[in-house]
Amino acid sequence: MRIARSAFGLDTPEKTTRHHVFSELNGPWEDFTSEERHTIVRDVYACADFAGIEVRAVGVGPRWFDLLLDVPDQLTMDREEMFARLLAYQKKNITLSQPAPFDQTDEKQWGRLAKRFGDLGAFMKQVKMLCAARYHDVHGVRGTIWTSRYVDTYVQTGFHSRILCAWMDHAGIRNSESTDPVDNPYSTFGLACAGDKRARGMIRYLFAESGPWARAKREYQHFIADTTTPAGKPKRTISGLPPLLDREEFLRADVPHFRGGMAFGDEEFCRNFVEQNRAQFPAERLFGGRPIAGQNDPRLCTVRQKGDLRKHLT
């Protein structure tokens, strides 16, 4: 039986945890329109500003969205700031129905409002409710459009976050919608190259430590083209399978580990995750994570394996 998401946690020195979250449409529903995909990005920005969550990367596909988020372990604020954030959020988002008035004398309403800040579950519920309401209106349908709540994976900062951001940017190539990340208008790098200042800030944060945009763009392009292999690489070939994927091939591959690997990072990061959640794992488990099978970088480890990537190549 699946273990509840809330049963897992990760304590970090930064007092924030980085999450990769994923959600997709259920069944035979029509794909998002181009305008819907752009609007989902705007909804994510607005909901993150309200909740006190930092968006580090974003990608919206025809039937899904991927987000890389920094969620604070604890977020406290006074009522004046909470109410100001609520008003700013309502001003940014024009929903299909008018929001209920907020009674500042009602302690129960204050309690419900306070629970929405710094909470990943509340943030995702907010984004998906906005998206669902708009989808119903645009497509003229009713019913549950999402497959499930959402998939959540803990992500290590630094190198591994850059890998995940670049992989999200390559979704257009995997879907045959584009031939280069710069041409994907629904992901971080494509948005940044189109002039989105917030997306540029994300690329700068991940790839150039808040340096100028031109430098961040060069660092990003150099990063995704890197074909070097670190020391201690696995054997290059295995009988009956193609050669191990280098970085360029890996970024263009379907990597289910990102949407179900529980935690993505180096071996030490995965081991810390398992140890901090020891009660949720069998006592005989002696390892934390293992390298993603089918690619040549031993630093790319996940807690849960999802098979060899090369088996899905065409």
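## Close-ups of a predicted model

**View 1. H19 and its neighbours in strand β1.** H19 stands opposite L69 in β3. This is a predicted model, and here we start with the pairing around β1. The β1 and β3 strands pair in the antiparallel sense, with nine bridges holding the match. On to β4: four bridges join β1 (residues 16-24) to β4 (residues 151-155), and these two strands run antiparallel as well. Look for H20, whose bridge partner in β4 is T153, and for F22, which stands opposite V151 in β4. Strand β1 is mostly covered, with seven of its nine residues buried.

**View 2. The whole sheet, strand by strand.** Strands of a sheet pair through backbone hydrogen bonds, and they do so either parallel or antiparallel. Here the sheet is open, has seven strands and shows mixed pairing. Reading across, the order is β2-β3-β1-β4-β5-β7-β6. Which strands stand at the edges? They are β2 and β6 (290-291), and each has a single partner strand, so one side of each is left without a neighbour in the sheet.

**View 3. The β2-β3 hairpin.** Zoom in on β2 and β3, which form a hairpin with three residues between them. Six bridges join the two strands, which run antiparallel. One spot to pick out is G59, which stands opposite D66 in β3. Although β2 stands at an edge of the sheet, six of its seven residues are buried, so this strand counts as mostly covered.

**View 4. The second largest cavity.** Rolling a probe the size of a water molecule over the atoms shows where empty space is left. In this model there are two cavities of 30 Å³ or more. The one in this view is the second largest, with a volume of about 50 Å³. Which of its 13 lining residues are closest to its centre? They are G59, V60, M168, A171 and N184. The hairpin strands turn up again here: β2 (54-60) and β3 (64-72) each supply at least two residues of the lining. By class, that lining is made up of five nonpolar, five polar and three charged residues.

**View 5. Helix α5 and the W167-F258 pair.** Helix α5 is mostly covered, with 10 of its 11 residues buried. Among the buried ones are F159, W167 and M168. A pair of aromatic rings is described by the distance of the centres and the angle of the planes. The model has 18 aromatic pairs. One of them is W167 with F258, an edge-to-face pair at 4.9 Å centre to centre and 70 degrees between the planes. This pair links distant parts of the chain: W167 belongs to helix α5 (residues 159-169), F258 sits in the loop between α10 (247-251) and β5 (263-265), and the two are 91 residues apart. Buried or exposed, the two rings? Both W167 and F258 are buried. W167 has a further contact, as the charged end of R174 sits over its ring, 4.1 Å from the centre.

**View 6. The F189-Y220 stack and its cluster.** The rings of F189 and Y220 form a stacked pair, 4.0 Å centre to centre with 10 degrees between the planes. Here too the pair links distant parts of the chain, with F189 in helix α7 (residues 188-193) and Y220 in helix α9 (residues 213-225), 31 residues apart. F189 counts as buried because its relative accessibility is 1%, and Y220 counts as buried because its own is 0%; the cut-off for buried is under 20%. Widen the view and ring pairs link F159, F189, F207, W213, Y220 and F223 into a cluster. F159 also has a charge for company: R299 lies over the face of this ring, at 4.1 Å from its centre.

**View 7. P28, out in a loop.** To finish, here is a residue at the surface: P28 is exposed, with a relative accessible area of 83%. P28 has its place in the loop between β1 and α1 (34-51). How far apart are the C-alpha atoms of P28 and I145? They are separated by 9.3 Å, while along the chain the two residues are 117 residues apart.

Notes:
Residues are numbered from 1 along each chain as its sequence is written. This is a predicted model: local features need pLDDT of at least 70, side-chain atom pairs count only at pLDDT 80 or more; totals for chains, interfaces and linings use all residues. Side-chain values use heavy atoms; hydrogens and water are left out. Rings of Phe, Tyr and Trp (its six-membered ring) pair if their centres lie within 6.5 Å; planes under 30 degrees apart count as stacked, over 60 as edge-to-face and the rest as tilted. Buried means under 20% relative accessible area, exposed over 50%, partly exposed in between (1.4 Å probe, protein chains only). A charge sits over a ring if NZ of Lys or CZ of Arg is within 6 Å of the ring centre and within 35 degrees of the ring normal. On a 1 Å grid over the protein atoms alone, a cavity is a set of points where a 1.4 Å probe fits but cannot get out, and a pocket is an open set with protein on both sides within 12 Å along at least five of seven lines; lining residues have an atom within 4 Å of a point. Grid points are joined across faces, edges and corners, and a volume is the space filled by probe spheres set on the points. Ala, Val, Leu, Ile, Met, Phe, Trp, Tyr, Cys and Pro count as nonpolar, Asp, Glu, Lys and Arg as charged, and the others, Gly among them, as polar. Two strands pair if DSSP finds at least two bridges between them.
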